[in-house]
Amino acid sequence: MSADWRWEYDPDQDHVAGGIPAHVVREVEERLADQLIDLARTGIDVSDLGNGPRPGGLRRMDAAGGWFYFLVAPREPLIIVVRIVPPFDAL
């Protein structure tokens, strides 16, 4: 795996993180997505982390009492955050 891993929102930050409490977004951005990047840079296959039916598909990971969904695109190399779901009490 390459050292130039990165993450981004798809389709964009407003669509994925808009209206989500700031502490949940920080947990996803500053801790979890960055940790996935760090792991990928060391050569760990992050497409099997979190919950999902099989490696390489849509993955779910807990975040600040809620969760987020992501995809791993190793050819890019990119982690794509597609949805953040805050905890019920933050809605």
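Below are some worked exercises on the fold, the sheet and a few individual residues of this predicted model.

Before you start: this is a predicted model, where local features need pLDDT of at least 70, side-chain atom pairs count only at pLDDT 80 or more, and totals for chains, interfaces and linings use all residues. Residues are numbered from 1 along each chain as its sequence is written, and side-chain values use heavy atoms, with hydrogens and water left out.

**Exercise 1. Work out the overall layout of the protein chain.**

Step 1: take stock of the elements. The protein chain has two helices and four strands; helices (H or I, at least four residues) and strands (E, at least two) are DSSP runs, numbered from the N terminus.

Step 2: read along the sequence, and you get β-α-α-β-β-β.

Step 3: check the compactness. The radius of gyration is 13 Å, close to the 12 Å that the globule rule gives for 91 residues, so the protein chain is as compact as a globular protein of that length. That radius is taken over C-alpha atoms, and the rule is 2.2 Å times the number of residues to the power 0.38.

Step 4: add the dimensions and the burial. The C-alpha trace spans about 40 × 25 × 20 Å along its principal axes. Of the 91 residues, 40% count as buried (buried means under 20% relative accessible area, exposed over 50%, partly exposed in between, with a 1.4 Å probe and protein chains only).

Step 5: look at the contacts, meaning heavy atoms within 4.5 Å. Among those between residues at least 6 apart in sequence, 50% join residues at least 24 apart.

**Exercise 2. Put the four strands of the sheet in order and explain why β1 and β2 each have one side without a neighbour.**

Step 1: the sheet is open, its order is β1-β4-β3-β2, and the pairing is mixed. Two strands pair if DSSP finds at least two bridges between them.

Step 2: find the edges. β1 (6-9) and β2 (59-63) each have a single partner strand, so one side of each is left without a neighbour in the sheet.

Step 3: note the twist, which averages 35° from one strand to the next. Axes here are lines fitted to C-alpha atoms, for helices over the stretch in contact, and angles run from 0 to 180 degrees between N-to-C directions.

**Exercise 3. Trace the two hairpins that involve β3.**

Step 1: start with β2 and β3 (residues 66-73), which run antiparallel and are joined by five bridges. Arg-59 has Phe-70 as its bridge partner, and Ala-63 has Gly-66.

Step 2: look at the turn. This hairpin has two residues between the strands, and Ala-64 takes a positive phi near 55° there. Ala-64 does so although it is not a glycine, and at 30% relative accessible area it is partly exposed.

Step 3: move on to β3 and β4 (residues 78-85), antiparallel over seven bridges. Leu-71 is matched with Ile-80 in β4, and four residues sit between the two strands of this hairpin.

Step 4: check the loop between β3 and β4, where you'll find Pro-77. A cis peptide bond joins Glu-76 to Pro-77, with omega about -25°.

**Exercise 4. Classify the ring pair of Trp-7 and Tyr-9.**

Step 1: pick your two quantities. A pair of aromatic rings is described by the distance of the centres and the angle of the planes.

Step 2: apply the cut-offs. Rings of Phe, Tyr and Trp (its six-membered ring) pair if their centres lie within 6.5 Å; planes under 30 degrees apart count as stacked, over 60 as edge-to-face and the rest as tilted. The count comes to two aromatic pairs.

Step 3: for Trp-7 and Tyr-9 the centres are 5.2 Å apart and the planes are at 90°, so the pair is edge-to-face.

Step 4: compare burial. Trp-7 is partly exposed at 23% relative accessible area, whereas Tyr-9 counts as buried at 10%.

**Exercise 5. Place Glu-27 and Gly-50 and list what they touch.**

Step 1: Glu-27 lies in helix α2 and is buried, with a relative accessible area of 19%. Leaving out residues up to four places away in sequence, Glu-27 touches Leu-32, Ala-63 and Ala-64.

Step 2: Gly-50 sits in the loop between α2 (22-41) and β2 and is partly exposed at 33%. Beyond its neighbours within four places in sequence, Gly-50 contacts Arg-59, Arg-60 and Met-61.

Step 3: finish with the separation. Gly-50 and Glu-27 are 23 residues apart in sequence and 15 Å apart in space, C-alpha to C-alpha.
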